[in-house]
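Here's a quick briefing to read with the model open next to you. Find a view you can rotate, and let's walk through it topic by topic.

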Amino acid sequence: ATMVARALLDPAQPGLRRQVDVIQRSAERMSRLIEDLLQAATIEAGRFSVELGREEVSSIVDETLQGLEAAATVRSVRLQRDVAEDLPMIRCDKVRIIQVLSNLIANAIEVVADDGTVRLRVSPDAGGVHFAISDRGPGIAEADLPHLFERYWKGKAKGRHGFGLGLYISKGIIEAHGGRMWVESRIGQGSTFFFSVPAAHDLGEHVAAT
């Protein structure tokens, strides 16, 4: 589909180009779903691994927010960052932590009202760094909170889509780092998702952790 799309340079063929675009987007969605299913399966089987190294938090935050600017702009949502100074290096797999942050912030962008704000706060924590992603969306019912990180579970909150794998995978990634993830929410007042990642301290070269 990508090759065909590149070849369709004839402006007299707009209908065909639109059909190829639909095929390409569908293929991309299926690819993402397959990747999610594979990650969920490895987490459930206890075989999920991360490549740990010393990483700067500011670099992770910058890369994550840059990747979400377009999605926020479409909804006129403001991405507010509040990153403490002098944070320690963290012991993490940078790609995986960006994956977690991107998922949580993208979820917040979906549920918050147009022209709303999604806030990312990062602060030092005992033995590591603490992340918090807050929105002023509809909130999550108290009865739903215990199920939020279950595989395939989907809430009924406005704007929530997907297959119920994102939070399950995110929690698995954070736990593979030796951290933890949790949420606080009230109906009508929004939600805040939290997670912590250990500081790097004297970690040497990249190592695998299951």
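What follows is a short tour of this fold, from the overall picture down to a few single residues. Keep in mind that this is a predicted model. The protein has five helices and eight strands, and 40% of its 210 residues are buried.

**The big picture**

- If you read along the sequence, the elements come in the pattern α-α-β-α-β-β-α-β-β-α-β-β-β.
- Look at the contacts between residues at least 6 apart in sequence: 72% of them join residues at least 24 apart.
- On confidence, the average pLDDT is 84, and 88% of the residues score at least 70.
- Residues 203-210 are a spot to treat with care, since pLDDT stays under 50 there. The model still has 23 contacts beyond four places in sequence for that stretch.
- Where pLDDT is low, the predicted coordinates shouldn't be read in detail.

**Helix α4 and its two partners**

- A pair of packed helices is described by the angle between their axes and the distance between those axes.
- Start with helix α3 (residues 57-74) and helix α4 (residues 94-111): they pack at about 35 degrees, and their axes are 9 Å apart. Their crossing is right-handed.
- Which residues of α3 and α4 meet? From α3 you get S59, I60, E63, T64, L65, L68, A71 and A72, and from α4 you get K94, I97, I98, L101, S102, I105, A106 and I109.
- Sort the residues of that α3 and α4 contact by class and you find 11 nonpolar, three polar and two charged.
- Now for the second partner: α4 and helix α5 (residues 166-176) pack at an angle of about 145 degrees, with axes 10 Å apart. Here the crossing is left-handed.
- On the α4 side, this contact uses R96, I97, Q99, V100, N103, L104 and N107, while α5 brings G166, L167, I169, S170, I173 and I174.
- The contact of α4 with α5 has seven nonpolar, five polar and one charged residues.
- I97 is worth clicking on, as it appears in the contact with α3 and also in the contact with α5.

**A closer look at α5**

- Eight of the 11 residues of α5 are buried, so this helix is largely enclosed by the rest of the structure.
- The buried ones in α5 are L167, Y168, I169, S170, G172, I173, I174 and A176.
- After α5 comes G178, which has a positive phi near 85 degrees.

**Around D135**

- D135 sits in strand β5 (residues 128-135). Is D135 buried or exposed? With 7% relative accessibility, D135 counts as buried.
- The side chain of D135 reaches the backbone nitrogen of G137 at 2.7 Å.
- Beyond its neighbours within four places in sequence, D135 is in contact with A108, V111, T117, Q189, G190 and S191.
- Q189, from that list, is in the loop between β6 (181-186) and β7 (190-198). Q189 counts as partly exposed because its relative accessibility is 41%.
- Along the chain, Q189 and D135 are 54 residues apart, yet their C-alpha atoms are separated by 8.4 Å.
- Apart from neighbours within four places in sequence, Q189 is in contact with D135, R136 and G137.
- S191 is in strand β7 and is buried, at 3% relative accessible area.
- The side chains of S191 and S185 are joined by a polar contact of 2.7 Å.
- Again leaving out neighbours within four places, S191 is in contact with I133, S134, D135, G139, I140, E184 and S185.

**Two loop residues with positive phi**

- S76 isn't a glycine, but its phi is positive, at about 55 degrees. You'll find S76 in the loop between α3 and β2 (78-83).
- S76 has a relative accessible area of 38%, so S76 is partly exposed.
- D86 isn't a glycine either, and its phi is positive too, at about 60 degrees. D86 is in the loop between β2 and β3 (90-92).
- What about the accessibility of D86? At 77%, D86 counts as exposed.

Methods. Residues are numbered from 1 along each chain as its sequence is written. This is a predicted model: local features need pLDDT of at least 70, side-chain atom pairs count only at pLDDT 80 or more; totals for chains, interfaces and linings use all residues. Side-chain values use heavy atoms; hydrogens and water are left out. Axes are lines fitted to C-alpha atoms, for helices over the stretch in contact, and angles run from 0 to 180 degrees between N-to-C directions. Helices (H or I, at least four residues) and strands (E, at least two) are DSSP runs, numbered from the N terminus. A crossing is left-handed if the near helix is turned anticlockwise from the far one by less than a right angle, and right-handed if clockwise. Contact means heavy atoms within 4.5 Å. Ala, Val, Leu, Ile, Met, Phe, Trp, Tyr, Cys and Pro count as nonpolar, Asp, Glu, Lys and Arg as charged, and the others, Gly among them, as polar. Buried means under 20% relative accessible area, exposed over 50%, partly exposed in between (1.4 Å probe, protein chains only). A polar contact is a pair of N or O atoms within 3.5 Å; within protein, one must be able to donate a hydrogen and the other to accept it, and residues adjacent in sequence count only if both atoms are side-chain atoms. pLDDT is the predictor's confidence in each residue, from 0 to 100.
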